[in-house]
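Colleague: I am new to this structure and would like a close look at a single part of it. Could you take me through one helix and its surroundings, and then on to a neighbouring topic if it helps?

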Amino acid sequence: MSLLVVGTVAFDAIETPFGKTDKIVGGAASYIALAASYFTKNIGLVSVIGDDFPQDFLQLLKKQSVDLSGLQQKKGEKSFFWAGKYHNDLNSRDTLVTELNVLATFDPVVPEAYKSCDFLMLGNLMPQVQQKVIQQLHKRPKLIVLDTMNFWMDSALDELMKTIALVDVLTINDSEARQLSGEYSLVKAAQKILAMGPKVLIIKKGEHGALLFNKEEVFFAPALPLEEVYDPTGAGDSFAGGFIGFLAQTKDISFENMKRAIIHGSAMASFTVEKFGTERLVGLTQKNIDERLQEFVELVQFDISFVNE
Ligand code: AMP
């Protein structure tokens with residue numbers, strides 16, 4: 001097993017300035033697995049759903065070579081449900097509903113075949129569950145990436161701090177970085193968070209791109225200025241999926257390769273926001289992805305002539 005993805009497979013109801021959806025398929029792990037599946041084919045998923053979840057989405061994941069033997073299905077129970085409403089700038093949102101449902105009692109069981117995975121992507125989920133997954137592995141993966149959110153900072157900070165101490169890379173957004181560190185400056189916030197355990201920190205800034213930090217260096221990836229942005233839900237997870245999918249494909253976890261990986265993550269996020277839910281992540285071709293990557297290259301390429309003194 002190359003990549004193990006853990007996180008929610010869920011229903012979302014989304015409201016943006018451009019429209020509103022009823023319950024549609026979402027969940028951190030859904031976006032991560034779909035985005036990563038364009039880079040590596042050996043993916044296992046650990047998550048939980050109720051018996052209300054659509055089979056066709058599961059078939060779609062299987063078609064993308066995502067193995068579902070670690071996906072528990074609970075009879076007579078409901079899947080995780082999240083509802084959110086975006087502000088006019090689309091960069092911030094309010095959570096309207098978080099119904100844990102099956103997640104409230106979720107006890108992850110990592111299938112034997114996944115226990116020696118090389119890459120582990122811990123998508124947004126209860127920190128205790130994320131820890132339980134790490135504990136079940138036979139060996140430490142080459143790289144453990146953790147994504148989390150303010151919900152767990154507010155409700156399970158102690159457990160979250162323990163999980164953060166166990167991982168190699170943490171991805172959070174700018175307001176979460178400020179909340180976690182108590183620092184306004186993202187540079188100071190990054191140094192404080194890196195002292196909590198991870199070797200690398202990624203701070204996502206929505207339409208303003210993402211910052212990649214280790215203790216000595218910082219790198220910036222822009223977000224693509226897009227004509228059509230309908231729904232930012234899942235952008236962070238698609239980013240994480242593209243990031244770890246690319247690292248799993250190239251098997252190189254150097255900081256230099258992580259720079260390339262956050263561009264791949266940004267490219268996958270740029271697709272996701274163009275339609276509601278997971279729709280735009282379905283049926284992409286290598287050509288679509290390559291063209292998007294080329295747009296990133298062109299966006300930031302420039303020459304400067306220095307005047308000799
Ligand atoms: P993102 O927009 O990338 O931050 O992720 C959005 C996804 O996260 C949605 O599809 C939700 O189902 C999922 N989500 C929202 N709140 C939580 C939570 N507290 N724990 C786990 N997943 C969540």
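**Helix packing**

Modeller: In this predicted model, the buried residues of α5 pack against α3 (127-136), β10 (143-147), α4 (150-155), β11 (169-173) and α6 (174-181). Helix α5 itself covers residues 157-164, and the residues buried in it are L160, T163 and I164. These residues span an arc of only 100° around the axis, and therefore they lie on the same side of α5. As a general point, an α-helix has 3.6 residues a turn, so residues three or four places apart point the same way.

A second place to look is the pair formed by helix α8 (residues 235-250) and helix α9 (residues 255-272), whose axes come within 7 Å and cross at roughly 140°. The two helices, α8 and α9, are therefore oblique to each other, and the crossing in which α8 passes α9 is right-handed. By class, the contact between α8 and α9 is made up of 10 nonpolar, eight polar and one charged residues. On the α8 side the residues are A235, S238, F239, G242, F243, F246, L247 and T250, and among those they meet in α9 are M258, R260, I262, G265, M268, A269 and T272.

One residue of this contact, S238, belongs to helix α8 and counts as buried because its relative accessibility is 0%, the cut-off for buried being under 20%. Apart from its neighbours within four places in sequence, S238 is in contact with Y31, A35, G265, M268, A269, T272 and L281.

Conventions. Residues numbered from 1 in each chain as written. Predicted model: local features only at pLDDT ≥ 70, side-chain atom pairs only at ≥ 80, totals over all residues. Heavy atoms only, no water. Axes fitted to C-alpha atoms, helices over the stretch in contact; angles between N-to-C directions. Helix = DSSP H or I, 4+ residues; strand = E, 2+ residues; numbered from the N terminus. Parallel < 35°, antiparallel > 145°, perpendicular 65-115°, else oblique. Left-handed = near helix turned anticlockwise from the far one by under 90°. Contact = heavy atoms within 4.5 Å. Nonpolar A, V, L, I, M, F, W, Y, C, P; charged D, E, K, R; others polar. Buried < 20%, exposed > 50% of the residue type's maximum accessible area, 1.4 Å probe, protein only. Arc of directions from axis to C-beta.
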